[in-house]
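Please open the structure in your viewer and keep the selection box handy. We will go from stop to stop, picking residues as we go.

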Amino acid sequence: MHAFASEIQERSGQNLSRCYQCKKCTAGCPTVTWFEWPNHGVVRMIQRGLRDELLGSKAIWMCVTCETCGTRCPNGIYLSPIMDALRALAVEEGRPVPEPAVVAFHKAFVGSAKRFGRVHEATMLAEFMWKSKLFLQKGFVGEAVGGAKLFAKGKIPLLPSSVKGKAEIAKIFAESELKL
Amino acid sequence: MAHDKQRVLVIGGGIAGITAAVDLGDAGHEVVMVERLPSVGGRMLQLSETFPTLDCAQCTLTPRTVETGQHPNIKLYTYSEVVKLEGGPGAYTVTIRRKKAYVDWQKCTGCGACQEKCPTKVRQNPFERGVGVKKAIYTLSPQAVPNKPIIDADHCRYLLHGKCAVCAQVCPVGAIVYEQEETFVQEEVAAVIVATGFDLYPMDALGEYGYGTVPDVIDGFAMERLCSASGPTAGRVLRPSDGREPRDIVVIQCVGSRDPEHHKAYCSRICCMYSAKHARLYKHKLHHGRATLFYMDLRCTGKGYEEFLQQSTEEEGLVYVRGRVSKIFREGDKVVVWGTDTLSGQPVEVEADLVVLAMALVPNPEQVELARVLGIPVDDNGFFREAHYKVGSVDTGCEGIFVAGCCQGSRDIADTVAHASAAASKAQVFLSRLRRRAA
Amino acid sequence: MTYSYYPGCTAHSTGWEFNDSTVAVFSTLGSGLTEIEDWNCCGGASAHNLDHFVGLGLPARNLSIAQAAGKDLIIPCAGCYNNVKKAQTAMEEGGEDAAKLKRVLDFDWQGKVAVLSLVDWLERPGVIDGLTAKVKRPLSNLKVVAYYGCQLVRPQRVTGRSSCENPTVLEEACRAVGATALDWSYKVDCCGADLAFGHGDRAEALCTKLAQQAKAAGADAIVVSCGLCQINLDMRQSGLGLPILYITEVLGAALGVAKDKWWKKHINDPSGLFR
Amino acid sequence: MSRIGVFICWCGSNIAGTVDVHEVVAELRKLPDVVHAENYMYMCSDPGQDRIKNAIQEKAIDRLVVASCSPRMHENTFRKAASAVGLNPYLVEIANVREQCSWVHQRDKATATKKALNIIRATMDKVRRNAALEAIRVPLTKRALVVGAGIAGISAALDLADAGYETVVVEREAAVGGRVRQLSKTFPYHEDARDILEPRIQALREHQNVRLYTGSRVTEVTGYVGNFEVAIATGDADPVRETVGGIVVATGYRLYPVEAMAEYGAGRVPDVIDALAFEGLLRQSMDSGEPVRRPSDGKAVQDVVFIQCSGSRDPEHHKPYCSRICCLYTSKQAALFQEQNPGGRATVSYMDIRTDCKNAEEYCQKNIEEGGLLYLRGRVSKVWREGDRVALWTADTLTGEKLEVEADLVVLAMAVEPSPGYAEVAALFRASVDQNGFFQESHIKLRPVESSTRGVYLAGASQYPKDITDSVAQALATASKVQSLFANEELAQDPLVARVDPDACSACGLCVPICPYGARELDERVRLSRVNEALCQGCGACVAVCPNKACQLKNGLVVQVLGEIEMFTEPDLAEACG
């Protein structure tokens, strides 16, 4: 087995070598249209050790962890932990990411959880918008209108609430590989 | 009910012929068995281990060959061929040509001295498939039934040049007969079972795979010989070119099969399984070796076969690539394989040390002539044509003549054994009809 | 029966009415909900995307708090539920993850409390019967399809459900309160909520398909049990005007405890369905 | 003192490569009652057997030990060789120094040699106490029982009847013909299944040697090979009792239920059906000359999708195995559909096309090329109802992209599984089944139709999924085995059975219920337990249960077993074996 395949197998706990390329994962994936390679192709590429291609891919950021693939896989392989492992590797290695907005959102979200212990939408979204430069992009207006509607309905409180056990939260982050 | 001894001719002493003969012999019928090689056992004699259990082939086969050799109802003509069949159903006269062994088998005790002392090593012996040597006087295996040697007239120094005669000198019973002539015998039989087996499509038909120029490209039987504990390398997988252990092997399936344009249109049915087996046996012997298999569809349809395949990829780490190989060539001391992975759509190039081609399975070349002698039909591919695809696969349309095993169509050992017993049943039914007709 | 309760970060923001209706329904049924102390964010979909351990560690802390509280834990939000269940599964499967969680959080999972989504809760014996008994306003004019999405049912190893393809308890609950629950084929398909930030158009494509199919099936609303699904479906359905209801809002309406404020939080106004 | 001869086989390098066979011989020669010890490359070969025969005659050997492979391989070979020169075959024992020694200790030759020597010494200890025994002869009933009257059962029964043997056929259904009755036309020549089946059913019904019980079940089987006593419930008040010498089990298969496929609608979508139901639609269409119509509303089908491997090759959720026949019949069904519904489109979802039997590859290719069938490599993830049609998600074979396809009808090529009730049938006939419920053959290669019980043979899909051709071949093979069996006037049975020491037996009766073969009974008159030697299989259950040590196995006496064990409790050997 290729070293990269072993690494992903180890990190994800999924036995990739069971895959016999039946493509049932691809057939059921809601977001595969936006992958460069279909789900079974991702497994194949891991088997073949195509590390750079995968860690720099959009595919790994387009998986929404819906678990449909794994649920139906005849060999019980779940792609979501595999995608998690690929994403984590890409972040750890500081790879340039083709989906900056998605990554920026995840970072803003987790950052908020790290700071307050709970997520505070207003500051989190502000950070996300800033970091993702989303407001410079087409479609921002639509997003902003949606956000504004929520705001108007009192769905986005202004003040964050935070937890007392921040030391424990900090310890969880300290023990991880994650750098925000 | 005491049977009148009704005799059946069984042509071919492979596992199909043996199975049919023992069934018939056990049922009280006399069997005349004709085998073109010096001993019985057929293709199974060449095999190392069998899928899906990886049992040693010789271990399961030898009790059967021994039983055949000792069966009171089975009369063996090995190193012989059927040349004529006269008469009709229920009363055939068969003429059997006994080829020149240059050894008087009546006198020979099978002591093996001649083989040991013979100075001529022959690499071209078809049994060893080019990866091992036999002497110019040889038996097929140490457990051969019957355990009698023959002289390879194409390579014997005495027969070619009139010098040597070492075998004649060392034989303690004076069994070597350089002047031996072929003989013809006739036997009366009531029914015939044809079980002449198969061969592999010749590799020299495949220019793009470089046969003849690349010594480390071998066929499936050569791989069997290399893996076999009783084979020429005592079970070590060594490259024919330089005797080194290969670090990377490539197994290519469907070579000559499923290729209606250039070769054979049909599927050879057994290659998917034996290729997986070859790669696994190789990995068992060389734990750090890499095995890559090129395939089109994985056809593992028998009992336990799918599981065997899954285990091969899951536990044994075989790498399967879906796609045909377009070219194989020698580069330095490597063999380069160019293929495509149709699943990722990318080209794949492997630098291999050894390449095994799973060649198409074909009828023996002699089969067409035998069909003419027996007056039974063959199909476009040279296999015997069955009377009915579904319910008459052992019938030929000629009363009293039945077919069994791979000479009718490609099948694995288990299916061959069942098919052979089926032919034996049909022969027995035919004989009992004859008895009733006579009564 | 009283339960521990994990409201999740959205309880006071985008999921305000989910939280409020959940609390109202439980109290009407005589089941107390005690919010567990000092709970933290479960990490959402983001934590496990970026780091395996953070993705397990954040929900594991909540699991630890719930265990100390000693009662079965209700988690209405499907995302939070799934994360906490994943942490539970990791603890139960043992191995490296469990060992590290044990060490970092100084906690040993003994499996003494159950982690329940509202779907799990409804499947408990007697719950639906309890609902039926307390119905004040049967919702005989309401026609809905139930939508489960991903996180309530998958993966099977985590949720422990016998059927991941055709859960039916939300429909049973709707029928128990007099509503018509229609069959459709999209109940466990994904709404793409994870794509909402960054690729709103893509999430919209998935949600619009769901809303269209719900309408085609003859539904006047989709019933959900997930804060993320609700807001995603409510915001991104290409103006089809299809209300997206929390199951607890439906139940609350039938039990006679609904508040107008619930409906006001929705983008596609559902109040007409309850007149 | 005995005169023991010991022969050590090299088995090529299998044994000699690990065990020092020369040292073993040298050690054995030191033992006082060993009159001959030698080694040879292959003892099972003709010259090897000749060496044994010569030594027996020359040295008056009266006990023989062959140290070689498992007794399952060549015990019979060496017993026959001994018997040929007048040595009682039950004075021959095999010491297994291959499977139990050389193969498992390849890295440690010294240990292997020591262990081989101990195995041989233990076997010698046993053979010293062996008695010369004669085979037990039992009479034979030359009538056969065939269970199941599908194409396999019919084929076996017709051959047996044609060979002149009375054959009892028991079929559970009211009609004979099995699954083939449900088929339309067959691959690869599109022959009508009726044309294959009807003449055979008629022959079966009219055959003077066949006794056919339909709507009936075998409810009880006692006895043993040559003389099975069978009770058949026919629906009449009293069961019919038959005595038969040999039995063919051909109980066939069923399709794994569509209800098990949750993601394919679990049977809730009326236009998602299994392959046998589709055969029925094809049959209707052929008989009426109308196109194939879908079940929900009778509309002529325009688009049909076939999903192969439904429930097969899915170790995680369903069946791990390949069902073998689906690739073949799906190609046929798609081709027949296009014949019946001109202009209709057929799509096949597959993983590997496994058309591996004779002419099947050519047939399938022809269907693809000439019929324009669309084969998509990829498993379908989900099937659901979309308006009045059926929709599904699959993947495209060439681009690897996901695809949503709509169809009027979806046909699931469901996995083949054993007929319901297989477990009861297995228990009745003492035939073991594998983990999937298929009957277990006694050797996967060389004994594919023999069950684990002598005299009970296996035919057709109850052993493993197979097409008509292979089912018939296997059925005829069982007929051959039964004919070989029936050629004997009486059956010889191993005499290695239990016996009772009358002085020790207290007639407590514990051995009666423990015996799995019903071979024990209490003779109340003389207050002794008896052994029915024809039934006893020498399993030793009675030996273990007997509180008085009155039950003993012939040539397997307690003292012999203990003697063998003692050899292995020597401290140095126990250590070596770790």
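What follows is a short tour of a predicted model.

**Stop 1: the disulfide in chain B**

Start by selecting Cys56(B) and Cys59(B), which form a disulfide with their sulfur atoms 2.5 Å apart. If you show the torsion about the S-S bond, expect 85 degrees, which makes this link right-handed. Are these two cysteines buried or exposed? Cys56(B) has 16% relative accessibility, so it counts as buried. Cys59(B) is at 7% and therefore counts as buried too.

Now move to Cys108(B), which takes part in no disulfide: the nearest cysteine sulfur belongs to Cys114(B) and lies 6.4 Å away. Cys108(B) counts as buried because its relative accessibility is 11%. How many disulfides does a search of the whole structure find? There is one over all chains.

**Stop 2: a cysteine pair in chain D**

Switch to chain D and select Cys11(D) along with Cys9(D). Why is there no bond between them? The sulfur of Cys9(D) is the closest cysteine sulfur to that of Cys11(D), but at 5.3 Å the distance is too far for a bond. Cys11(D) has a relative accessible area of 11%, so this residue is buried.

**Stop 3: helix H6 of chain D**

Next, select residues 151-162 of chain D, which make up helix H6. Measure between the end C-alpha atoms and you should read 16 Å; this agrees with the span expected for 12 residues at 1.5 Å a residue, which is also 16 Å. Colour H6(D) by accessibility and you will find that 12 of its 12 residues are buried. Charged side chains are on that list as well as nonpolar ones: the buried residues include Asp159(D) and Asp162(D), along with Ile151(D), Leu158(D) and Leu160(D). Step just past the helix to Gly164(D), where phi is positive, at about 100 degrees.

**Stop 4: a three-stranded sheet**

Select 217-224 and 240-244 of chain D, the strands S11 and S13, and add residues 227-233 for S12(D). Together they form an open sheet in the order S11-S12-S13, with antiparallel pairing. S11(D) and S13(D) stand at the edges with a single partner strand each, so one side of each has no neighbour in the sheet. Neighbouring strands here are turned by 20 degrees against each other on average, ignoring direction.

To check the register, follow the seven bridges between S11(D) and S12(D). One place to look is Arg217(D), whose bridge partner in S12(D) is Ala233(D).

**Stop 5: the nonpolar core**

Which residues touch the most other members of the largest nonpolar core? In this core of 164 residues, they are Ile193(B), Leu145(D), Ile247(D), Phe278(D) and Phe429(D). Centre the view on Leu145(D) and display its contacts: leaving out residues up to four places away in sequence, they include Val168(D), Val218(D), Val230(D), Val244(D), Ile247(D) and Phe429(D). A second, separate core has 161 residues, among them Phe4(A), Leu86(A), Ala104(A) and Leu73(C).

**Stop 6: a hairpin**

Finish at residues 520-523 and 528-531 of chain D, strands S28 and S29, which pair in the antiparallel sense over four bridges. Arg520(D) stands opposite Val531(D). Four residues lie between the two strands of this hairpin, and in the turn Arg527(D) has a positive phi of about 55 degrees.

Definitions and conventions:
Residues are numbered from 1 along each chain as its sequence is written. Chains are lettered from A and ligands numbered from 1 in the order in which they are written. This is a predicted model: local features need pLDDT of at least 70, side-chain atom pairs count only at pLDDT 80 or more; totals for chains, interfaces and linings use all residues. Side-chain values use heavy atoms; hydrogens and water are left out. Two strands pair if DSSP finds at least two bridges between them. The expected span of a helix is 1.5 Å times one less than its number of residues. Buried means under 20% relative accessible area, exposed over 50%, partly exposed in between (1.4 Å probe, protein chains only). A disulfide is a pair of cysteine sulfur atoms within 2.5 Å. A nonpolar core is a set of buried Ala, Val, Leu, Ile, Met, Phe, Trp, Tyr and Cys residues joined through side-chain atoms within 4.5 Å. Contact means heavy atoms within 4.5 Å. Axes are lines fitted to C-alpha atoms, for helices over the stretch in contact, and angles run from 0 to 180 degrees between N-to-C directions.
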